[in-house]
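Let's take a walk through this model together. Have the structure open as you read, and follow along section by section.

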Amino acid sequence: MKLILVLSLFLSVVCAQGPKRRFEYKYSFKGPHLMQKDGLVPFWTYGGNALPSDDKVRITPSLRSRKGYIWGKHPVEFDNWIIEVTFKVTGRGRVGADGLAIWYAETPGVEGPVYGSQDKWVGLGVFFDSFDNDNQRNNPYILAMYNDGTKVYDHANDGLLQQLGGCMRDFRNKPYAVRAKIEYYQNTITVYFHNGMSNNEYSYELCMRAENVVLPKKGYFGVSAATGGLADDHDVLKFLTHSLDAEKSQLPEGDAGTGHITDEEVDKFNKEFNEYYEKLQKQKEEYREKHPDIKDDYDEDDFFEDEYTRDLKVIFEGQTSIFKSIRNLERKLDEIVGRQERTISAISSIPGGGTGASGGAPSGGSSGGTGSVMARHEVDTLLNTQNEITRKVRELTGVIGEVQQKTAVIYTRGDSGGGGNAPGYLDHEIKDTLKQLNDDVRKMSSRPQAISGGCPEPTCLTPITFIVFAIIQTAIFLFYFMYRSSQEAAAKKFY
Ligand SMILES: [Ca+2]
Ligand SMILES: [Ca+2]
């Protein structure tokens with residue numbers, strides 16, 4: 001940064017010694033009242049598809065195969081000059097055509113094939129060639145060409161071999177208008193270009209320089225443009241001409257004719273500059289010594305910034321504000337969460353219906369002592385315990401029932417299956433049967449005489465027969481009882 005300042009200081013010193021500039025309004029046009037009411041541009045004539053308006057001259061619209069031009073009416077009366085042309089080349093395509101030309105020619109051009117103007121001109125043409133005819137991938141290209149009236153512009157090669165010099169620069173679709181500064185001074189042509197990325201009028205860069213070029217005297221300035229298969233708008237916003245008076249630089253002794261700075265002069269300037277610079281540094285140091293409190297990191301960069309730095313700054317500020325907003329949001333979110341937690345705890349401390357019923361808390365006092373109020377988890381524990389108890393009781397009941405059943409079964413089994421404990425009615429039945437049997441036996445033995453003759457012989461009922469009969473009967477009875485008891489036991493099992 002310091003270096004740039006130093007250089008600019010040096011250049012300003014040099015320029016102060018350079019040619020005197022004078023604005024030439026008769027060779028210029030610019031807005032906002034570029035066009036008169038009758039549609040004319042003062043001191044200029046235009047033709048073809050050129051169309052002026054208040055703030056610009058549209059040399060061609062973005063339509064195919066158009067040509068337009070504008071030429072100064074008056075011949076240039078001064079030998080050295082500098083022109084500054086501000087223009088825009090805009091089109092929707094990634095590639096445009098054909099281009100724009102700035103002229104200084106012996107005669108005003110007429111419509112023709114070289115960017116809208118005639119070929120074989122005499123003088124200088126500076127071409128802004130949009131379209132890459134020779135396919136060298138070197139367009140858009142800025143090219144300066146001198147023609148003595150014999151050469152035909154080589155469109156096929158984009159005039160590459162005919163140029164005085166040139167540079168590859170993109171001049172289409174820029175945020176600001178692009179600018180070209182063409183200086184013709186002491187037979188030297190210098191072309192500077194401003195790429196239209198900023199509105200800073202000092203952002204020019206050197207494009208080409210050619211010495212020993214003799215242009216015709218009393219020529220005409222002009223601008224022309226053309227479109228082809230592709231098309232751009234070619235708009236010229238300003239055409240400013242300054243004459244350069246070389247008289248002052250001719251005054252110093254020696255080498256006056258060329259106007260160049262001699263080595264002696266360069267040494268002198270350098271010496272002066274070094275003296276000033278040292279003086280400045282000395283003063284700075286003195287100031288620092290006198291004011292040690294003041295921040296001594298004086299840096300020009302703090303005071304100047306380029307566009308990139310400015311953009312970065314804007315981005316940084318934007319991000320900082322976003323960061324702050326996020327932090328704010330975070331804080332508010334924390335507050336909300338805190339409130340929510342407090343609310344939840346307050347709700348849980350209020351005795352609910354179920355809690356009151358099981359906990360036996362006072363139903364009236366919502367803000368009663370928290371010591372007497374059961375907490376939720378306590379209630380839950382209590383309910384769980386109760387359920388557990390109920391379940392256990394049920395299990396116990398089941399077990400008891402089972403035990404009863406089993407007892408009953410055992411009991412009934414014991415009742416019916418006991419060998420020696422025959423029920424009483426069986427005894428009676430057996431006894432009755434036996435008694436009846438005895439009675440019958442006795443009756444039969446007490447009347448043997450009464451039945452004589454036809455009565456069967458005592459052989460028909462011998463004591464042996466009787467005893468056998470009695471045993472069989474007893475066995476039948478026993479068998480019957482056993483069968484019956486087994487039937488009953490089976491029936492109880494199902495029950
Ligand atoms: Ca071309
Ligand atoms: Ca090319």
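## The annotated segment

Let's begin with residues 464-483, where the chain is 100% helix and 0% strand. The C-alpha atoms at the two ends of this stretch lie 29 Å apart. Please bear in mind that the model is predicted.

What does UniProt list for residues 464-483? The unreviewed entry gives these residues as "transmembrane region".

## A seven-stranded sheet

Now turn to the strands. An open sheet is built from 7 strands, with antiparallel pairing, and its order reads β3-β6-β16-β8-β10-β11-β12. The edges are taken by β3 (44-48) and β12 (165-168), each of which pairs on one side only. From one strand to the next, the twist averages 15 degrees.

At the β12 edge, the neighbour is β11, which covers residues 141-148 and runs antiparallel to β12, with 4 bridges joining the two. To find this pairing on screen, look for A144, whose bridge partner in β12 is G165.

## Strand β16 and its neighbours

Is β16 mostly covered or mostly open? Strand β16 (residues 220-226) is mostly covered, with 7 of its 7 residues buried. Its side chains are worth tracing one by one: Y220, G222, S224 and A226 point one way, F221, V223 and A225 point the other way, and all of them are buried.

In the sheet order, β16 sits between β6 and β8. Strand β6, residues 67-72, pairs with β16 in the antiparallel sense over 5 bridges, and here K67 stands opposite A226. On the β8 side, residues 99-105 run antiparallel to β16 and are joined to it by 7 bridges. A handy landmark for this second pairing is Y104, which has F221 as its bridge partner.

## The β7, β13 and β14 pairings

Another set of strands meets at β13, which spans residues 178-185 and is joined by 7 bridges to β7, residues 81-90, the two running antiparallel. Within this pairing, E84 stands opposite K181.

Strand β13 also pairs with β14 (residues 188-194), again in the antiparallel sense and over 7 bridges. R179 of β13 faces H194 in β14. Which residue takes a positive phi in the hairpin of β13 and β14? That residue is Q186, with a phi near 50 degrees, in a hairpin that has 2 residues between its strands.

Conventions. Residues are numbered from 1 along each chain as its sequence is written. Chains are lettered from A and ligands numbered from 1 in the order in which they are written. This is a predicted model: local features need pLDDT of at least 70, side-chain atom pairs count only at pLDDT 80 or more; totals for chains, interfaces and linings use all residues. UniProt positions are given in the numbering used here, feature names are shortened, and annotations may be inferred rather than shown by experiment. Two strands pair if DSSP finds at least two bridges between them. Axes are lines fitted to C-alpha atoms, for helices over the stretch in contact, and angles run from 0 to 180 degrees between N-to-C directions. A residue is buried if 20 or more other C-beta atoms lie within 10 Å of its own, exposed if 12 or fewer, and partly exposed in between; C-beta atoms are placed from the backbone.
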